[in-house]
Amino acid sequence: MAHAATVDEHATNTGIDNRKLLMWLFLASECLFFGGLIGTYLLYRNSSIEGPYPTDRVIDGVAYSGLFDIPFTSISAFVLLMSSVTMVLALSAIQRNDRRGLQIWLAATALLGMTFLAGQAFEFTEFYNEGLTLNSNLFGTTFFVLTGFHGAHVSVGVLILLSLWIMARRGRITSENALNVELAGLYWHFVDVVWIVIFTLVYLLQ
Amino acid sequence: MLELLTVVLAVDGKAFFENPAYLLGIPLIAVGALGALLALTPIELKWPQPAPPEEEYEILDHAPGDHPDAAEYVKVGLILAVITAVEVAVYYVDALEGALLAILLILSAAKFVLVALWFMHLRFDNRLLSIAFSGGMLLVAALFVIVLSTLGASLV
Amino acid sequence: MASIAIERPIPTLGQALRQMREAGGSYQGIWSWLTTVDHKRIGVMYGATAMFFFVVGGIEALIIRLQLARPESTLVDADQFNRLFTMHGTTMVFLVIMPLSAAFFNLVIPLMIGARDVAFPRLNAFSYWMFLFGGMLMMASFFTGNPAGSFLEGHLGAPDGGWFGYAPLTLNQFSPGTGIDYWAFGLLILGIASMAGGFNFAVTIINMRAPGMTFFRMPVFVWMTLVTSFLIIFAMPIITVALFQILFDRLFGANFFNVGAGGTPLLWQHMFWLFGHPEVYILILPAMGIISEVLPTFSKKPLFGYPFVVFSGIAIAFMSWGVWAHHMYTTGLGSVANSAFGISTLLIGVPTGIKVFNWLATLWGGSISFKTPLLFAVGFIAMFTIGGLTGVMHSIVPTDYQQQDTYFVVAHFHQVLVGGSLFGLFAGVYYWFPKFSGKFMSEKLGQLHFWTMFAGFNLTFQPMMIVGLMGMIRRTSTYEADLGYGLWNMMSTVGAFLIAFSVFVFLVNVVVSMRSGKQAGDDPWDGRTLEWSMSSPPPVYNFATIPEVKSLDPVWHDKYVENEAGETVPVVAGAANGHKEEGHEEEGHSVHLPSPSIIPLIASIGPPILAAGFIYWDNPWMLPLIPVGAVILLVGVFAWALEPTTE
């Protein structure tokens with residue numbers, strides 16, 4: 001097909017595929033989105049009037065034990081980080097036309113992503129049981145909305161990965177359309193780097 | 001996953017929304033609903049697509065173009081794992097408390113940069129993409145540093 | 001008795017959709033409009049819808065003006081007045097000027113850069129449908145948003161917090177009812193529409209220019225579209241976050257702006273204006289681009305200082321990120337922040353001034369023909385300059401302390417948005433109408449439109465400046481007789497009706513010209529850019545063969561050369577290696593175009609349903625709308641991904 005579509009008529013001016021450029025512009029835009037949420041969290045970091053608080057503290061003689069469980073969250077963060085590795089291995093596999101490798105690494109990435117989500121659900125539930133809700137205090141509001149939107153992004157990512165995995169199992173992904181995997185990977189890595197920032201600024205910095 | 005769904009579904013009405021897990025639950029429930037819809041519907045949702053090529057395919061040793069090898073990705077992954085371990089370790093060392101902020105920021109910036117340069121291929125791709133992405137990052141950092149300082153929030 | 005069974009197998013969904021696509025490919029009937037992915041048709045739909053909302057917003061403005069015409073008027077009460085000015089502002093900014101600009105992006109950009117369509121035709125259609133449904137969602141609040149009763153009982157339900165929705169005015173405590181929820185969800189959806197457009201045009205302009213069309217051979221309108229697209233890409237996420245925050249506060253009792261829990265409403269102001277000030281330039285830059293096309297064409301001269309106009313546009317975009325707090329001088333930022341933002345605001349006047357001088361120099365010494373497009377363009381320069389200068393007045397902190405929340409501010413931004421953006425957009429309508437309809441707009445009605453609008457505009461907003469300096473407070477439903485505002489307000493009201501008349505003339509002009517306008521040739525204005533090289537209206541595929549661009553203003557250089565004496569003379573007939581398209585008519589039919597698709601429309605039905613579900617989530621009968629909307633959206637997205645773009 002000489003004229004497959006308008007986009008394929010001639011090479012792009014910059015040599016970057018249209019869809020890839022779109023994805024990067026989208027990610028640049030997402031920086032502002034997460035930046036807004038993280039900025040709000042930082043603004044209100046020490047503004048909560050009532051407990052529960054993220055860390056141990058004593059206010060007016062009353063001791064509050066902190067909610068954050070750093071070892072647990074470190075493992076979550078590590079899981080998400082490793083999912084980035086498996087994701088890039090999936091891309092590397094299909095670029096070498098290794099379809100079986102693609103399937104394995106995509107499935108691994110999706111599973112790691114789901115593990116992260118399960119961890120987040122567990123964490124949310126724990127916090128909820130400790131009395132932290134959206135409306136309990138500013139910490140609850142900003143924490144749940146920030147990490148919740150991140151979790152929603154991870155969910156979307158898992159959905160994309162599972163769709164790709166099904167396509168890969170049916171042999172519909174080859175080295176020619178490896179761009180699909182690359183784009184999903186870009187999104188996935190972005191979600192991962194956002195978590196790197198959140199993990200440091202929200203959990204580790206007190 | 002099941003755990004998550006039970007958490008979300010076990011609570012009723014108002015409490016459902018008080019439980020912030022619904023932020024995760026809604027997309028997942030939607031996915032489940034979609035799956036059920038597709039499973040139960042008699043309509044075949046299938047686009048006319050060319051049949052996948054059946055022929056044998058050859059696995060290459062190296063990725064075409066200037067993409068790094070899988071081994072290199074694994075190496076970067078190991079470095080990332082080590083940095084994360086160091087971060088957590090630093091968090092528990094009391095002696096480093098004064099420098100905690102600086103150390104953590106540097107380490108997480110290092111992770112960020114490693115993922116962006118290698119896994120997201122910014123190192124090997126057109127510079128335009130790096131400009132767009134770092135433009136977004138720098139813009140939002142600058143804006144919120146100003147907002148936070150005008151609102152009197154301590155940055156540290 | 002044997003019956004004959006007529007076997008008509010039920011088509012699979014795939015087959016049914018394929019049949020629909022084929023029906024859509026015929027370019028006739030309503031179905032072809034619902035499924036279109038053609039940028040020209042999407043542009044027309046954007047423009048028509050925006051004009052509809054323009055009339056709605058205009059009626060709101062007229063009611064406001066009638067109320068204010070006399071002191072102590074009781075036409076509407078304070079509550080209704082709040083809702084009217086909120087909706088007037090929101091409608092005009094998000095449902096009129098932004099989509100009108102988007103209409104021009106759609107219509108003109110691919111033609112100007114020599115492309116067959118935008119980079120993502122279906123995303124483009126999605127952008128339009130999201131805009132339409134977002135606008136409709138917002139308008140629905142008129143009927144249902146008021147807790148006191150329905151629209152039929154005389155209770156307007158629209159949002160009542162001002163178009164910038166300052167917390168805590170928009171929190172449940174001060175704005176009960178669902179008006180603000182509709183507003184916030186409407187803006188979220190409109191934001192998605194704008195972002196889809198922004199991504200699409202950024203990619204299109206960066207990646208899909210014709211061979212030889214380097215960045216510095218692009219027409220200024222293309223440049224301004226690129227700059228605007230980047231502003232949209234970076235500004236919209238911030239308002240998205242802010243809107244989510246206000247919605248969490250309203251719907252789920254979160255504490256973002258709750259002072260009782262330690263929150264600060266100033267966060268909203270920062271977030272809103274972080275978005276809001278770039279937004280101001282999102283509104284004005286496309287109009288600046290349009291008049292940068294109109295002025296050279298009607299002066300028969302190249303744009304004076306092309307690189308300066310381009311770079312000042314880029315400079316404005318960068319600087320627009322550093323001025324937001326000038327909306328917040330009176331919130332107690334402190335003198336350091338106030339001074340810093342005052343200086344940056346003064347500085348942003350510099351690139352703006354550079355543009356004005358370049359436009360004037362373009363006109364200087366040209367052989368000017370005062371057709372309607374040029375009238376509007378020149379009107380733009382004059383009115384925008386007044387608007388810009390009053391803006392400089394606001395940048396000076398002590399002055400602004402006096403002017404804050406007076407009608408002087410109202411007059412200032414109307415001077416920029418009506419006298420600036422809207423005049424520029426009207427110039428664009430008159431300029432490109434012949435290209436897309438094949439017919440001229442009536443020059444007589446056009447002149448009448450311009451002069452009544454110009455007179456009405458000045459009659460409305462210059463008295464408003466005076467009354468503002470006298471101290472009249474904005475967003476207040478009435479004023480006392482002995483304050484002495486009466487005469488000025490009456491003048492404003494008369495002027496507003498004059499504007500309304502001029503818009504009526506414009507609409508008549510559009511209808512009359514569509515039916516029986518004078519036939520326009522392919523190049524009625526002796527144009528300079530690529531869109532004038534093709535037939536009017538342009539063929540579906542735009543360019544049979546993609547042109548090769550060798551200079552700025554390529555069409556002009558095909559028609560005219562400079563002789564030895566330095567004079568511009570027409571090219572001898574036959575010598576041109578022209579961009580004319582007629583010869584390639586046959587070839588054009590073999591161009592494969594992206595197939596029409598209903599999927600963008602389906603996918604865009606999901607978000608408003610989701611929004612309705614969340615607005616009424618505490619009603620168990622409405623709650624199921626959430627999964628329904630989500631499933632529609634998901635089905636749409638999956639079908640989108642699986643649907644081949646062309647057959």
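Axes here are lines fitted to C-alpha atoms, for helices over the stretch in contact, and the angles between their N-to-C directions run from 0 to 180 degrees. Helices are DSSP runs of H or I with at least four residues, numbered from the N terminus.

Before you select anything, note that this is a predicted model, in which local features need pLDDT of at least 70, side-chain atom pairs count only at pLDDT 80 or more, and totals for chains, interfaces and linings use all residues. Residues are numbered from 1 along each chain as its sequence is written, and chains are lettered from A in the order in which they are written.

**First stop: two helices of chain C**

Select residues 78-113 of chain C, which form helix H4, and residues 407-437 of chain C, which form helix H13; their axes come within 11 Å and cross at roughly 30°. That makes H4(C) roughly parallel to H13(C), a label for angles under 35 degrees. Now colour the residues in contact, meaning that their C-beta atoms, placed from the backbone, lie within 7 Å: H4(C) offers, among them, C:Ile97, C:Leu100 and C:Phe104, while H13(C) offers residues including C:Leu425, C:Gly428 and C:Trp432. The residues of this contact divide into ten nonpolar, three polar and no charged, where Ala, Val, Leu, Ile, Met, Phe, Trp, Tyr, Cys and Pro count as nonpolar, Asp, Glu, Lys and Arg as charged, and the others, Gly among them, as polar.

**Second stop: where chain A meets chain B**

Show chains A and B together, and you will find 60 residues of chain A in contact with 57 residues of chain B. On the chain A side, the largest share, twelve residues, comes from H2(A), which covers residues 70-95. By class, this side has 35 nonpolar, 19 polar and six charged residues.

**Third stop: where chain C meets chain A**

Next, display chains C and A, whose contact takes 37 residues from chain C and 35 residues from chain A. Which helix gives the most to the side of chain C that touches chain A? It is H7(C), with nine residues, and you can select this helix as residues 220-252.

**Last stop: helix H6 of chain B**

Finally, select residues 127-150 of chain B, the 24 residues of helix H6, which should span 34 Å at 1.5 Å a residue, and whose end C-alpha atoms are 34 Å apart, which agrees. Its buried residues (20 or more other C-beta atoms within 10 Å of their own) include B:Phe133, B:Val140 and B:Phe144. The buried residues of H6(B) pack against H1 of chain A together with H7, H8 and H10 of chain C. Just beyond, H6(B) is followed by B:Gly152, whose phi is positive, near 80°.

Technical notes
Angles under 35 degrees count as roughly parallel, over 145 as roughly antiparallel, 65 to 115 as roughly perpendicular and the rest as oblique. Two residues are in contact if their C-beta atoms, placed from the backbone, lie within 7 Å. The expected span of a helix is 1.5 Å times one less than its number of residues. A residue is buried if 20 or more other C-beta atoms lie within 10 Å of its own, exposed if 12 or fewer, and partly exposed in between; C-beta atoms are placed from the backbone.
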